[in-house]
Amino acid sequence: MGHYNLIKLNATRSTNDKVKMLIKSKKISPGDIVWAEYQYKGRGQYNNNWNSSRGKNLLVSLYKEFRELTPKQSSYINFVISLSVIDTIEYYISSDNYIKWPNDILSAQKKISGILIENNFKGDKFNNSIIGIGINVNQTRFKNIVNATSIKLITNKENRIEEVLDKLIKNIGYYIKILRVKDFDNIMGLYNSRLYGRDYCKFLINDKTFEGKVIDVNPSGSINLKINGLGINKYESNTVKILI
Ligand code: BTN
């Protein structure tokens, strides 16, 4: 991925917040990475918390610039990051890994990784992204979290967090190259081929459960779902939740 600084912290509020602060104080450059052993207030999607035992998992945020992308194309950042994470997990766990739209990676039908991307726009121009990634590596007990798993829970093996980070960074470098040359169709095809729920899954819409299947994700980031009794329709990520 070229030259970058790796900012290693014992503990911080949230690695995404740390990147934000470092941008403000001009102490971080595009490409730099913040990695922490522990977060006091790790954040997930929709104002959720992201809890992780000290030193057990990978907690990292990347600061990236995408001058060549328009705001409309920003969903491709999510696509390439999801692909990078699933490939990283696949190195340790050979099968049953899926991308659960919009932001989760599943292994054996449980959540093994979460992604929190915060994009910043300057007017109608795309400016930069803070890409936060949590991968459960060595944690085996998840208090008060249902449906969570880790590499260790599935393989029975401990791994060095640093090694997982190294593989992740290489994969991100690989996929971001594809993004920078704007091979959008290729990215979309790869992303759609790894989606969870293409045969069958359950959804939650307005607190009601439905059955059906995932058709595919659109370049804008919305999803086409076939819901039994309702046919095929397009949904935005704030209106539907895929259940595991
Ligand atoms: C989700 O599943 O809702 C997204 C979880 C994202 C967690 C990662 S851990 C590193 C980075 N810092 C944060 O506070 N969140 C992300």
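**What surrounds the ligand, and how we can tell**

The ligand is surrounded by 20 residues, the closest being Ser14, Gln39, Arg43, Gln45 and Lys111. This is a predicted model, where local features need pLDDT of at least 70, side-chain atom pairs count only at pLDDT 80 or more, and totals for chains, interfaces and linings use all residues. Numbering starts from 1 along each chain as its sequence is written, and side-chain values use heavy atoms, leaving out hydrogens and water.

Me: What makes a residue one of the 20 that surround the ligand?
Reply: One of its heavy atoms has to lie within 4 Å of the ligand. Ser14 and Gln39 are among the closest.

Me: Why is the Lys111 pair with the ligand called a polar contact?
Reply: The term covers a pair of N or O atoms within 3.5 Å. A polar side-chain atom of Lys111 sits 2.5 Å from a ligand oxygen atom, so the pair qualifies. Arg43 qualifies too, because its polar backbone atom is 2.7 Å from an oxygen atom of the ligand.

Me: How do you know how much of the ligand is buried?
Reply: Taken alone, the ligand exposes 410 Å², and the protein buries 98% of that; the areas are Shrake-Rupley values with a 1.4 Å probe.

Me: Why are E4 and E5 called paired?
Reply: Pairing takes at least two DSSP bridges between two strands (a strand being a DSSP run of at least two residues). E4 (residues 97-100) and E5 (residues 104-107) run antiparallel with 4 bridges, so they pair. Lys100 stands opposite Asp104 in E5, and a hairpin links E4 to E5 through 3 residues.

Notes. A polar contact is a pair of N or O atoms within 3.5 Å; within protein, one must be able to donate a hydrogen and the other to accept it, and residues adjacent in sequence count only if both atoms are side-chain atoms.
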